[in-house]
Amino acid sequence: MSEIADIIFEALLKVFKYKEIVVVLISILPIVEARLAIPIAIRYGMHPVTGWLLAFIGSSVIVPLLLLVLIPFVKWLAKTRLFKKVGSALYDKFEKKSESVEKNGSDLKKMLGVFTFVAVPLPLTGVWTGSAVASVVKLNLPKGCLAVIAGNLVAGGIITLLCAFLPQKAIDWVILALTVIAVAVLCVLIVKIALHKPKEADKAEESKKE
């Protein structure tokens with residue numbers, strides 16, 4: 001296991017040259033985000049706090065863009081013929097995730113809901129989904145950014161604390177486990193998209209167009 005990890009991480013360094021860049025880039029990726037970037041930073045020999053800061057910066061810097069673009073892009077996909085099922089399935093997924101946030105409550109309650117959602121480091125509760133949830137519940141850009149980034153700060157801190165005291169071999173297994181979970185989540189998402197059926201409202205709208 002350790003030998004395979006060494007080969008992979010050395011290959012990443014050959015491509016990107018600096019381990020800091022590798023950590024930041026991984027933290028930007030959906031599904032894995034800072035959750036995977038932090039143990040990888042520790043695996044590279046970085047201090048846990050350094051790894052946490054790099055992963056936090058990488059995963060947080062894209063939040064404003066996600067709040068502005070992600071949901072509009074998904075809605076646009078749902079209107080295209082080629083990617084209609086993808087866009088519709090993703091929007092339904094984000095809408096379902098937003099059910100944990102009180103949509104009709106005050107902005108403060110919405111912010112607390114989004115913060116809590118992102119702060120718990122589980123699959124599909126990172127800044128990508130958190131930003132989508134903030135958009136669905138109609139938080140404006142500053143409030144959405146604050147809620148998502150604060151939650152990301154806490155989630156990253158939890159992962160860092162969990163990894164900081166683990167031996168090196170255990171970090172390799174953590175990275176493997178998180179990678180397997182991410183792949184499994186992606187596969188499930190692909191299957192759900194393939195099997196997705198439009199809601200009755202979508203069918204009615206489609207029939208009107210025809």
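The buried residues of helix 4 pack against helix 2 (19-28), helix 3 (33-43), helix 5, helix 8 and helix 9. Here contact means heavy atoms within 4.5 Å, and buried means under 20% relative accessible area, exposed over 50% and partly exposed in between, with a 1.4 Å probe and protein chains only. Helices (H or I, at least four residues) and strands (E, at least two) are DSSP runs, numbered from the N terminus. The model is a predicted one, in which local features need pLDDT of at least 70 and side-chain atom pairs count only at pLDDT 80 or more, while totals for chains, interfaces and linings use all residues. Residues are numbered from 1 along each chain as its sequence is written, and side-chain values use heavy atoms, with hydrogens and water left out.

Within helix 4, the buried positions are Pro-48, Gly-51, Leu-54, Ala-55, Phe-56, Gly-58, Ser-59 and Ser-60. Helix 4 covers residues 48-60, and its end C-alpha atoms are 18 Å apart, which agrees with the 18 Å expected for 13 residues at 1.5 Å a residue; the expected span is 1.5 Å times one less than the number of residues.

Ser-59 also has a partner in helix 9, where Asn-152 is found. The side chains of Asn-152 and Ser-59 make a polar contact at 2.8 Å. A polar contact is a pair of N or O atoms within 3.5 Å; within protein, one must be able to donate a hydrogen and the other to accept it, and residues adjacent in sequence count only if both atoms are side-chain atoms. Leaving aside neighbours within four places in sequence, Asn-152 is in contact with Ala-34, Phe-56, Ser-59, Ser-60, Val-118 and Val-127.

Two residues can be set side by side by accessibility.

| Residue | Location | Relative accessibility and class |
|---|---|---|
| Asn-152 | helix 9 | 2%, buried |
| Phe-165 | loop between helix 9 and helix 10 | 72%, exposed |

Phe-165 and Pro-48 are 117 residues apart in sequence, and their C-alpha atoms are 9.4 Å apart in space.

Helix 8 is largely enclosed by the rest of the structure, because nine of its ten residues are buried. These are Val-127, Thr-129, Gly-130, Ser-131, Ala-132, Val-133, Ala-134, Ser-135 and Val-136. Their cover includes helix 3, helix 4, helix 5, helix 6, helix 7 and helix 9. Just after helix 8, Lys-138 takes a positive phi of about 65°.

The largest nonpolar core has 27 residues, and Phe-94, Val-114 and Val-148 have the most contacts inside it. Such a core is a set of buried Ala, Val, Leu, Ile, Met, Phe, Trp, Tyr and Cys residues joined through side-chain atoms within 4.5 Å. Two or more residues come from each of helix 5 (63-79), helix 6 (84-97), helix 7 (107-119), helix 8 (127-136), helix 9 (141-164) and helix 10 (168-195). Helix 5 gives the largest share, six residues. Not counting residues up to four places away in sequence, Val-148 touches Val-63, Val-114, Val-118, Val-127, Gly-130, Ser-131 and Ala-134. Apart from this core lies another of 21 residues, including Val-22, Val-23, Leu-54 and Ile-171.

For the protein as a whole, the secondary structure comes to eleven helices and zero strands. Buried residues make up 41% of the 210 residues. Among contacts between residues at least 6 apart in sequence, 71% join residues at least 24 apart. The C-alpha trace spans about 60 × 35 × 25 Å along its principal axes.
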